[in-house]
Amino acid sequence: MITWILLFLLTGIVAIYYYFSRDLNFFEKHGILHIPPWPIVGNLGPTFFRKAPFVDVIQRAYDLNPDAKYVGFFDGTSPIVIIRDLDLIKTIGVKNFETFIDHRALIDEDIDPLLGKNLMALRGERWRDVRALLTPAFTSSKMKAMFKLMSEYADNFADFLSKLPADKSTMDVKDCFTRYTSDVIATCAFGINVDSMKNPNNKFYIYGKEITTFDTPRIIKFYLIRNIPRITKMLGIKFINDRLERFFKDLIRNTIHTRDVKNIVRQDMLQLMMETRGKRGPGKELTVEDMTSQAFVFFFGGFDTVSALMCFAAHEITVNPHVQEKLRNEIDNVLKAANGKLTYDALNEMQYLDAVINETLRFRSVLPVTDRMCVENFELPSALPGGKPFLMKKGMSVWFPISGLLKDPKYFEKPDEFYPERFLGENKKLLNSIAYLPFGIGPRMCIGNRFALLETKVMLFHLLARCELKMCPKTTHPLRLSKSTLTLSAEGGFWLKIQPRKNPNTYDNVGNNSATNDRI
């Protein structure tokens, strides 16, 4: 009996191993340069086992051959083509967009609707329809309205930090910036008012931390859901548990009900979706689940990434005092010209602030790659001179190595130097626009890029108008990237000392927003 049990287990192990390893010679068969993959986890092994940050794994693949138009990579057991050549990136991302219109879904919508039914995951005509619906939420007029909400939060946030006692002024700023982004997303996407500094244990922030924390069990769960969705669905394994899903659905449902009953109108994404009710025809009406999913993608996508951008920017501003001084002078000049009141137009005219953020995105690309999925067969030219073309089959994916391109000396002189001036004046005109794609490229580039940039500019403006950023004993310079997180972060945190400016400008914020906010 024991022999039969052992034989059954051995057979199962062999079958599982074969299932996950059957295509690991894919690139070898096609003569495409690649790093030999690990069984089951492919080229993600170093990240999966906390040996190297994901961005370093991508860089290693990118550096295989500087002349290669593309190289091979295994996302688990799935073969991915990493495109290195700029002309080929433009061909795929823009000229032949119809052939590469989709993303590979993070998670199937039947398993996790919040992640599987949002704009990032939708495909084909469904994507076109929802993209067209949501695009007006990010026009200049809508950004101007959201600016008022952001600025109010950022001003309160900076005021809170400037008044901290000396013994609490040294901190890991990641937590603070994450609370700010949480509050901004809450008001601009979900239509609720949250103050995470004064109410640190509010559910919106706590659940956000829970969803975006990728510890080892969640990484394993995420991997299994992506690679064996049928089995995980049968077992009832979900990435976002029912408690969290119910919270966000109830939040949207209750907010819609309150606005309908009280005749409340706000300039936010939820309002835009609410106004389509009864206008889209059979089969196209947005359900509460649809609205929740679209709002949730901005929560999931922006909760950690935008706060990480702020952290990296604050770190570089701190360790480069000349940058902080130049930025502070620009802020002071804006406040002086505007009689101490920040406006949307004045913020968008700040060239050095814009350059600092652009350089931060180049220097520390928060998103190392973006993907496109092939919806019909497409032939790639040979990767190297003398090689053979490669036929991509329908269903395969390509990655654009954002972080690799942004650190390539062919496109950015002295790429390991933080130098905002490269995005100013004549220097900016010399940059290759295809190589700089922190938010992607073509029609499927990130719809929320303007929102993320505005949110970051507003925060840094108010913070530096009131405070000075100083290095402290826990500040790590040069920064070391964490191996224990799936997203880009600093090993040991982003520790800085924040103290009030000695001679701060007296300025007014944009004033309290007159729109009604629902509170949680």
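User: Why is Glu210 called partly exposed?

Analyst: Glu210 has a relative accessibility of 27%. Buried means under 20% relative accessible area, exposed means over 50%, and partly exposed is the range in between (1.4 Å probe, protein chains only). The value for Glu210 lies in that middle range, so the residue counts as partly exposed. The model is predicted: local features need pLDDT of at least 70, side-chain atom pairs count only at pLDDT 80 or more, and totals for chains, interfaces and linings use all residues. Residues are numbered from 1 along each chain as its sequence is written, and side-chain values use heavy atoms, with hydrogens and water left out.

User: What makes the pair of Arg243 and Glu210 a salt bridge?

Analyst: A salt bridge requires a side-chain nitrogen of Lys or Arg within 4 Å of a carboxyl oxygen of Asp or Glu. For the side chains of Arg243 and Glu210, the N to O distance is 2.7 Å, and the criterion is met. This pair links distant parts of the chain, 33 residues apart, with Arg243 in helix H13 (residues 242-262) and Glu210 in helix H10 (residues 203-212). Helices (H or I, at least four residues) and strands (E, at least two) are DSSP runs numbered from the N terminus. Arg243, at 36% relative accessibility, is also partly exposed. Elsewhere, salt bridges that share partners join Lys117, Lys238, Asp242, Glu245, Lys249, Glu289 and Asp290 into one network. The structure holds 32 salt bridges.

User: How do you know that Arg179 is buried, and where does its salt-bridge partner Asp175 lie?

Analyst: Arg179 has a relative accessible area of 12%, which is under the 20% limit, and therefore it is buried. Its closest N and O atoms to Asp175 are 3.0 Å apart, which satisfies the salt-bridge criterion. Arg179 and Asp175 both lie in helix H9 (residues 173-189), four residues apart, about one turn of the helix. Asp175, at 32%, is partly exposed.

User: Why is Glu125 called exposed and Arg128 partly exposed?

Analyst: Glu125 reaches 58% relative accessibility, over the 50% limit, so it counts as exposed. Arg128 has 29%, between the two limits, and is therefore partly exposed. These residues form a salt bridge, with the closest N and O atoms 3.2 Å apart. Both are in helix H7 (residues 124-134), three residues apart, about one turn of the helix.

User: What makes the interaction between Thr47 and Ala52 a polar contact?

Analyst: A polar contact is a pair of N or O atoms within 3.5 Å; within protein, one must be able to donate a hydrogen and the other to accept it, and residues adjacent in sequence count only if both atoms are side-chain atoms. The backbone oxygen of Ala52 lies 3.3 Å from a polar atom of the Thr47 side chain, and this distance is within the limit. Thr47 is in helix H3 (residues 45-48). With a relative accessible area of 5%, Thr47 is buried. Leaving aside residues up to four places away in sequence, Thr47 touches Ala52, Pro53, Phe54, Val57 and Leu486, where contact means heavy atoms within 4.5 Å.

User: How do you know that Asp172 has a polar contact with Phe494?

Analyst: The backbone nitrogen of Phe494 lies 3.0 Å from a polar atom of the Asp172 side chain, which is within the polar-contact limit. Asp172 belongs to strand E3 (residues 170-172). Apart from residues up to four places away in sequence, it touches Gly493, Phe494 and Trp495. Its relative accessible area is 26%, so Asp172 is partly exposed.

User: What makes the backbone notable at Ile40, Arg50 and the bond between His477 and Pro478?

Analyst: Most residues other than glycine have a negative phi, and most peptide bonds are trans. Ile40, which is not a glycine, has a positive phi of about 70°. Arg50 likewise has a positive phi, near 60°. A cis peptide bond, with omega about 0°, joins His477 and Pro478. Pro478 is in the loop between strand E9 (467-470) and strand E10 (495-500). Ile40 is partly exposed at 30%, and Arg50 is partly exposed at 22%.
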